[in-house]
Amino acid sequence: MTAVTARPLWTETLYSSYGQSFRVDEILFEEKSAHQHLLIFRNEQFGRVLALDGIVQTTEGDEFIYHEMLTHVPLIAHGNAQRVLIIGGGDGGILREVCRHKTVKHITQVEIDPSVIELSKTWFPSHSNGAYDDPRAHIVIGDGFDFVQTTQERFDVIISDSTDPVGPGEVLFSKDFYAGCQRSLNPGGVLVTQNGVPFMQTSEFTDTATRLSRLFKDWRFYSAAVPSYIGGLMTFAWASDNPDLLNVKLDTLHQRWQAQNIPSRYYTPELHLAAFALPRYLLDMLPGEYAERVR
Ligand code: SAM
């Protein structure tokens, strides 16, 4: 019987009544930046883990699920996205996946905390995988909320890869932020956002539904199961004034996906379509017309 050496556990503080703990095999970095507390540690199961203000942001082990689904679903649905805006995403995972798309000619990424970018380059090199050096990538240090209110740039796809709606991330779940994204989209464009785990973050889910429904012609949610985002299905919000984007047939999705020749470990065209099918308990949280509209 090998002695299990006592190693400290790190417990996520996102929820007061329920949580997850990781055995900390090695603390790699910790500091309080101007915006948030940053912690990076190594765990045998998940590899390196990034936590901001006590909340898991990303892990080496399961980051592919979230980054592939938040990127490829809107870009393959759009079919010819040339200008992409990323809000947040300091770890570089979204930027890496966007850079894999040949149609994309220009990427603007607006990240409030430069520490996250620099630390992720050092401690999570596989997340950005050199994407920060891609000539198409233009990094802006600032608040994504302010950016979408004032930018003169226009985008085909906007991806909000924010923290949870606490601290600096809170404004990225507001009606005014969504309105700013709508003004920053080209005709036919789409906004997607990380929208939490509705089994645990119910008001985040219903609040986003209410806010998007007052702005966009077509608003939906799609989902994926991300192990380190505990509490069940992780949802992504979808908002566009172009309902055709979600009427793309499977054959067309396959043609577009194959043309990009992108390696994936989670995304498939079949899953692209299936991810928009929500379980009954989530449909019951939404206005009655939602289930009819998305049949
Ligand atoms: N995938 C993670 C998740 O689902 O929670 C999020 C990853 S990424 C680390 C979140 C990023 O959002 C962080 O780098 C954080 O600094 C950034 N962020 C938070 N609030 C922001 C704001 N108002 N404007 C721009 N970036 C923001």
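Okay, let's start at the ligand: 25 residues sit around it, and the ones that come nearest are Gln-36, Glu-111, Gly-144, Pro-168 and Tyr-229. Keep in mind that this is a predicted model.

So what do the side chains do there? Take Glu-111: one of its polar side-chain atoms is 2.6 Å from an oxygen atom of the ligand. Gln-36 also points a polar side-chain atom at a ligand oxygen, with 2.8 Å between the two. Then there's Tyr-229, where a polar side-chain atom lies 3.0 Å from a nitrogen atom of the ligand. And how much of the ligand does the protein bury? Taken alone, the ligand exposes 600 Å², and 99% of that is buried by the protein.

If you sort the shell around the ligand by class, you get 11 polar residues, 9 nonpolar and 5 charged.

Now, where is the ligand relative to the domains? Domain 1, residues 9-59, and domain 2, residues 63-293, both give residues to the shell, so the ligand lies between them.

Last bit: cavities. Rolling a water-sized probe over the atoms shows where empty space is left. Here the count comes to 2 cavities of 30 Å³ or more. The largest has a volume of about 440 Å³. It's lined by 37 residues, and those closest to its centre are Gln-57, Asp-161, Ser-162, Thr-163 and Asp-164. And which space is that largest cavity? It's the space taken by the ligand.

Note on methods. Residues numbered from 1 in each chain as written. Predicted model: local features only at pLDDT ≥ 70, side-chain atom pairs only at ≥ 80, totals over all residues. Heavy atoms only, no water. Near = heavy atom within 4 Å. Polar contact = N/O pair within 3.5 Å; in protein donor to acceptor, adjacent residues only side chain to side chain. Areas by Shrake-Rupley, 256 points an atom, 1.4 Å probe, with all protein chains shown as cover. 1 Å grid on protein atoms, 1.4 Å probe; cavity = no way out; pocket = protein on both sides within 12 Å on 5 of 7 lines; lining within 4 Å. Sits in = over half its atoms within 2 Å of the grid points. Nonpolar A, V, L, I, M, F, W, Y, C, P; charged D, E, K, R; others polar. Domains from an automatic or database assignment. Points joined across faces, edges and corners; volume = space filled by probe spheres on them.
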